[in-house]
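Welcome to my notebook. I opened this structure to look up its cysteines and its charged side chains, and I jotted things down as I went.

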Amino acid sequence: MRIVFTCAEKSAAQRNTFNAVRSMVLASGLPYEPAKVNKNWPRLAYGPAPSMGVRAEREYVDVYLLSSVPAEQVRCSLEQAKPQGLTLLDVQRVPYALPSVQNLAVGAVYRVEGNFDLFGPEQTAEDFFNAARVDITRRAESGLALVQNAKPYIWKAQTVSNSAVRLTLLNVQGKWERPQTLIAAWLGVDIPAQDDTFTVEGFTFIRESFLWQDSEGEFHPI
């Protein structure tokens, strides 16, 4: 069963989403399949979790059940057991053998909001991110610089408005590039090396959705 949900900002559910979801399933009374690591816990496939500094409009967890239960019944059970701050958006049955979202997602759509004019970028978002090469320069405290071509992680970019840009990023060999790093490269903001908490101050980073890819190479929202 695939569960789509969102967590309110700064809520307990957002601070520890996996525990919140696990507790919800435990309290729901659903006939869950036990997890391999602990038979008292439900088998879940959560994620991919949003990276540090990114708010997710939609989050996903696959719940493995021992018996067939109608999606509406699952939703009712989870609604009664959900923690404060968690909102269910969708509940749908999927084939047991279908990959979890964790394994199915090959792309992610982000919306970045803020005042880009303050940085006076030399190029539009489209021109910068849709170029043949997109260089990211990370600088260590020693002054050494590491230049990386991030183009393989970028599918496309779109200016939504004067204060919003949409980036569609790709998973490359199991790795994601953080949208904060890409926006910083576009705006000319210094990027520290090996800093997973780095962000561009004054901007909001929102993950809108995930994408899966069919056998013909076409992308579709999950």
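**Ground rules.** I call a residue buried when its relative accessible area is under 20%, exposed when it is over 50%, and partly exposed in between (1.4 Å probe, protein chains only). I am reading a predicted model, where local features need pLDDT of at least 70 and side-chain atom pairs count only at pLDDT 80 or more, while totals for chains, interfaces and linings use all residues. Residues are numbered from 1 along each chain as its sequence is written, and side-chain values use heavy atoms, with hydrogens and water left out.

**Entry 1: cysteines.** How many disulfides are there? I looked for pairs of cysteine sulfur atoms within 2.5 Å, and the count came to zero. For C7, the nearest cysteine sulfur belongs to C76 and is 20 Å away, so by the definition C7 is in no disulfide. Seen from the other side, C76 is in no disulfide either, with the sulfur of C7 as its nearest at 20 Å. I also checked their surroundings: C7 is buried at 8% relative accessible area, whereas C76 is partly exposed at 38%.

**Entry 2: salt bridges.** Next I searched the whole structure for a side-chain nitrogen of Lys or Arg within 4 Å of a carboxyl oxygen of Asp or Glu, which is what I call a salt bridge. I found eleven of them.

**Entry 3: around R111.** R111 forms a salt bridge with E57, at 3.0 Å from N to O. Where do the two partners sit? R111 is in strand 6 (residues 107–113), and E57 is in the loop between strand 3 (54–56) and strand 4 (59–63), 54 residues apart. My strands (E, at least two residues) and helices (H or I, at least four) are DSSP runs, numbered from the N terminus. R111 is buried at 14%, while E57 is partly exposed at 30%. R111 also meets E113 in a salt bridge of 2.8 Å, N to O, and E113 is partly exposed at 29%. I then noted the wider picture: E57, R111, E113, R166 and E208 are linked in a network of salt bridges.

**Entry 4: E177 and R138.** Their side chains meet in a salt bridge at 2.9 Å, N to O. E177 lies in the loop between strand 10 (164–170) and helix 6 (179–187), and R138 lies in strand 7 (residues 135–139), so the pair ties together parts 39 residues apart in sequence. Are these partners buried or exposed? E177 is buried at 8% relative accessible area, and R138 is buried at 17%.
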